Amino acid sequence: MTSSRRLSTVILPIHRWNDGGRALWTRAEHLGFHAAYTYDHLAWRAFRDGPWFGAIPTLTAAAAATERMRLGTLVTSVKPFSPIAA
């Protein structure tokens, strides 16, 4: 009997891409996760005093580093932010 279960994971955007961030995403794909998600918050709980990177740039980098794993935001905040004005 084969299983059709698909496992997903959450990777918090707290690591700089060149300092372990890329390795987390590629490791998740190597472990066979079907999908990986990240949060789109301004800060989150115990991590509010440390680095917290944007979800969209993080997912863009993850898409370039992975081949078949699905990517997405677990939570997307509606916030007053204009990418045009940034």
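## T66 and its surroundings

Let's begin with one residue: leaving out residues up to four places away in sequence, T66 touches W25, E29 and L71. This is a predicted model, and T66 makes a handy way into it. T66 sits in the loop that links α2 (55-65) to β3 (70-76). With a relative accessible area of 9%, under the 20% cut-off, T66 counts as buried.

The side chain of T66 also reaches back towards the helix before it: the backbone oxygen of A62 is 2.8 Å away. A62 is itself one of the buried residues of α2, while W25 and E29, two of the contacts of T66, are among the buried residues of α1. From this loop residue, then, we can follow contacts to α1 and onward to the rest of the fold.

## The overall plan

The protein has two helices and three strands. Read from the N terminus, these elements follow the order β-α-β-α-β. Of the 86 residues in the protein, 26% are buried.

Contacts between residues distant in sequence are well represented here. Among contacts with a separation of 6 or more, 75% are between residues 24 or more positions apart. F33 and M69 give an example of such a pair, being 36 residues apart along the chain and in contact.

## The sheet

The three strands make an open sheet, ordered β1-β2-β3, with parallel pairing. β1 and β3 are its edge strands, each pairing on one side only. On average, and ignoring direction, neighbouring strands of this sheet are turned by 30 degrees against each other.

β1 and β2 run parallel and are joined by three bridges. One pairing to look for is that of S8 with A35, its bridge partner in β2. β2 is also mostly covered, since five of its six residues are buried.

## Helix α1

Which residues of α1 are buried? They are G21, W25, A28 and E29. Looking down the axis of α1, you will find these buried residues within an arc of 100 degrees, so they line one face of the helix. Their packing partners are β1 (8-10), β2, α2 and β3.

Just after α1 comes G32, which has a positive phi of about 95 degrees.

## Helix α2

The buried residues of α2 are A55, T58, L59, A62 and A65. Down the axis of α2 they fall within an arc of 120 degrees, so here too the buried residues line one face of the helix. The other side of α2 carries the exposed residues I56, P57, T60 and A64.

What do the buried residues of α2 pack against? Their partners are α1, β2 and β3. The helix α2 lies across β2 and β3, and runs at about 170 degrees to β3.

## F33, a loop residue with many partners

F33 lies in the loop between α1 (21-30) and β2 (35-40). Is F33 buried or partly exposed? Its relative accessibility is 25%, and because the partly exposed class runs from 20% to 50%, F33 counts as partly exposed.

Setting aside neighbours within four places in sequence, F33 is in contact with L7, S8, T9, A28 and M69. Two of these have appeared already: S8 is the residue bridged to A35 in β2, and A28 is one of the buried residues of α1. As for M69, its C-alpha atom and that of F33 are separated by 6.9 Å.

## The aromatic pair

How many aromatic pairs does a search of the whole structure find? The search finds one. It is formed by F47 and W52, whose ring centres are 6.4 Å apart; their planes stand at 35 degrees, so the pair is tilted.

The two partners differ in exposure class. F47 has a relative accessible area of 30% and is partly exposed, whereas W52, at 14%, is buried. The 20% cut-off falls between these two values, which is why the residues are classed in this way.

How values were computed
Residues numbered from 1 in each chain as written. Predicted model: local features only at pLDDT ≥ 70, side-chain atom pairs only at ≥ 80, totals over all residues. Heavy atoms only, no water. Helix = DSSP H or I, 4+ residues; strand = E, 2+ residues; numbered from the N terminus. Buried < 20%, exposed > 50% of the residue type's maximum accessible area, 1.4 Å probe, protein only. Polar contact = N/O pair within 3.5 Å; in protein donor to acceptor, adjacent residues only side chain to side chain. Contact = heavy atoms within 4.5 Å. Arc of directions from axis to C-beta. Pairing = 2+ DSSP bridges. Axes fitted to C-alpha atoms, helices over the stretch in contact; angles between N-to-C directions. Phe/Tyr/Trp six-rings, centres within 6.5 Å; stacked < 30°, edge-to-face > 60°.
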